[in-house]
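Got your viewer open? Load the model, show it as a cartoon, and keep the selection box handy.

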Amino acid sequence: MTRSRNGADALVQTLASAGVKRIFTLSGNHIMPVFDACIDADIDLIHVRHEGAAVHMADAWARLTGEVGVAMVTGGPGHANAVSALYTAAMAESPVLLLSGHAPNNQLGMGAFQEMRQADVAEPLTKWSGTVAGADGMAQQVGQAIRMARAGRPGPVSLGLPTDALETACSAQADAPQSFEAVPQALDAETAASLIRRLQAAKRPLILTGPAAMRGRTLARARELESACGIPVVGMESPRGIGDPSLGAFAQMLAQADCILLLGKRLDFTLKFGQAPAIAADCLFLQVDAEAAEFERTRRVVGARLAECALADAACALEALLQATAAGSDRHDAWTRDVRDAIAYRPPAWQTASSTLAGRMHPVQALAPLQKLLDSHPDSVFIADGGEIGQWAQACLHAPNRVINGVAGSIGAALPFALAARLARPDAPVVTVMGDGTFGFHTAEIDTAVRYKLPFIAVVGNDARWNAEYQIQLRDYGKDRLIGCELLPARYDAVTAAFGGFGRQVTDPLQLAAAIDEAHRCALPACLNIMIEGVPAPNVSRPAQA
């Protein structure tokens, strides 16, 4: 059957022109024209079990590849299901395009099927949210959305796809040529040189970057900047902020800094809003950011201590700072070594950590054996999610690629993250660590992984409770006022096996190495259900030196 080129065809062809190879999606009435158009295009549909999971997968794909991750869901309740996942992507500064089916434009206000003010629903969680006006505007609006997701501080955008815009034939003039690259926000050479001079003049300077500078080429440039200027460049993307266990005893060094360059890093709760004792009361701040509003926010809390600021995106700023740096500076070598030693520090007692409970392990016992697998490949992926167990994982494990729940502090994305990671890194080990509470959010995505033959290892730290909240209640209210935190010691390994994956329950640390090896070799989505003792997340600090 032949048909005229319609808005759905324009959408799919625009995505293909932008380099999109995969769409993470869940079917529904409104987007059937797009499914049909994809048959004739070189774009794979990864069909998931929950709309929120589609967005989480697009988020992880974007973080690991540097491309815009595309999720597509149906309108109304499908859109509403997807929207909550946008917050995690927004706080991770991840360029995601959410395409949502939508009631037809010619029926709006008439009680159309699943009619909803979708752009308004998504607006608080996105950089931009809109609705396609018609088939002829489809290509240009999709291109605009892609550019916006990438521009400045990257983040999610949302675009509604009314069914009449998808089904209507396009005119011959509907496809004007367009670029999908974001317009760079450059940092001028004079300002870059001024910032470097201020940092070099300080005794204990730091450069702090945000999530967008902790991935791919931008991360590599951040490391080059540290090497070139001799000043520590430290990335921050954890909801625990200065208490991020993956940063070891960094908080003790941050408190000593006398000049801090915020390079795409917001002065927010993760930095205790720049206040003492987390940061010295006389510490000077410099700031480079893609959003001018961040300068005003910084001034509100540190006032005149914001000595210089400049508008630029993180990637451009790193390039300019590198160009402005004179090679061979060793003025801050001792300070930089001390900062790096603090970040690498882990308490010696962890090496012999064990649980006092029969059939349970300390988190360090459960996690440390995974490092051997992560070290076995130069492109391995480590994913961490959950409350206390996620923090233990970030403290104990590292890999060339890391995806965490991020500044949002939301949990539940670990399984969708793992599926996207397997697609993005088809030959490397993918290890995702989560709590038992986390596993429950998107359990059915094990089915998706089995259908698409996407193997990974999911390590569930099973303490049969919502341990982060349990620890808060225990600390703030006492052990006689614990409520609403208990879970069953469920067999998540058996759940995984029931979907067609591989599952093992592990209660003895001596069983772990063999279980990890078996899970890796099975070439299936695998779950190691490890029974752990529910201990608080680590708070790392180095003993005072004599």
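Here is a tour in stops, each with something to select and a note on what is there.

**Before you click**

This is a predicted model, where local features need pLDDT of at least 70 and side-chain atom pairs count only at pLDDT 80 or more, while totals for chains, interfaces and linings use all residues. Residues are numbered from 1 along each chain as its sequence is written, and side-chain values use heavy atoms, with hydrogens and water left out.

**Stop 1: a loop with a few surprises**

Select the loop between β9 (259-263) and β10 (284-289), and click on Phe-273 there. Helices and strands are DSSP runs (H or I, at least four residues, for helices; E, at least two, for strands), numbered from the N terminus. Phe-273 is partly exposed, at 41% relative accessible area. On this scale, buried means under 20%, exposed means over 50%, and partly exposed is in between (1.4 Å probe, protein chains only).

Now add Phe-269 and Val-301: with Phe-273 they make a nonpolar surface patch, with about 240 Å² of accessible area together. Such areas come from the Shrake-Rupley method with a 1.4 Å probe, and for residues only the protein chains shown count as cover. Patch members have over 30% relative accessible area and no salt bridge; nonpolar side chains (Val, Leu, Ile, Met, Phe, Trp, Tyr) are joined within 5 Å, and like charges within 9 Å.

Stay in the β9 to β10 loop and pick Lys-272. Its phi is near 55°, a positive value in a residue other than glycine. Lys-272 counts as partly exposed, at 45% relative accessibility. Pro-277 is in the loop between β9 and β10 too, and the peptide bond leading to it from Ala-276 is cis, with omega near 5°. Why point these out? Most residues other than glycine have a negative phi, and most peptide bonds are trans.

For another positive phi, jump to Ala-523, where the angle is near 60°. You'll find Ala-523 in the loop between α22 (512-521) and β17 (525-531), and it counts as exposed at 53% relative accessibility.

**Stop 2: salt bridges**

How many salt bridges are there? The count comes to 26, taking a salt bridge as a side-chain nitrogen of Lys or Arg within 4 Å of a carboxyl oxygen of Asp or Glu.

Try Glu-291 and Arg-153, whose closest N and O atoms are 3.1 Å apart. Glu-291 lies in the loop between β10 and α11 (293-302) and Arg-153 in the loop between α6 (138-150) and β6 (157-162), so the pair ties together parts 138 residues apart in sequence. Arg-153 counts as buried at 7%, whereas Glu-291 counts as partly exposed at 28%. Both belong to a salt-bridge network that also links Glu-93, Arg-266, Asp-289, Glu-294 and Arg-297.

Next, select Glu-226 and Arg-340, which meet in a salt bridge of 2.7 Å, N to O. Glu-226 sits in helix α9 (residues 216-229) and Arg-340 in helix α13 (residues 333-344), so this pair ties together parts 114 residues apart in sequence.

**Stop 3: look inside**

Switch to a surface with a clipping plane. Two cavities of 30 Å³ or more are in the structure. On a 1 Å grid over the protein atoms alone, a cavity is a set of points where a 1.4 Å probe fits but cannot get out; a pocket is an open set with protein on both sides within 12 Å along at least five of seven lines; lining residues have an atom within 4 Å of a point. Points are joined across faces, edges and corners, and a volume is the space filled by probe spheres set on them.

The largest cavity has a volume of about 110 Å³. Of its 15 lining residues, the closest to the centre are Pro-211, Met-236, Lys-265, Asp-268 and Val-407. Asp-268 and Lys-265 also form a salt bridge with each other (3.2 Å, N to O).

The second largest cavity has a volume of about 60 Å³. Its lining includes Glu-93, Arg-153 and Asp-289, which you met in the salt-bridge network.

**Last stop: a pocket**

The second largest pocket holds about 370 Å³ of space. Of its 25 lining residues, select those closest to the centre: Arg-240, Gly-386, Gly-387, Ile-411 and Ala-468. Then colour α16 (388-396), α18 (436-439) and α20 (467-476), which each supply at least two residues of this pocket's lining.
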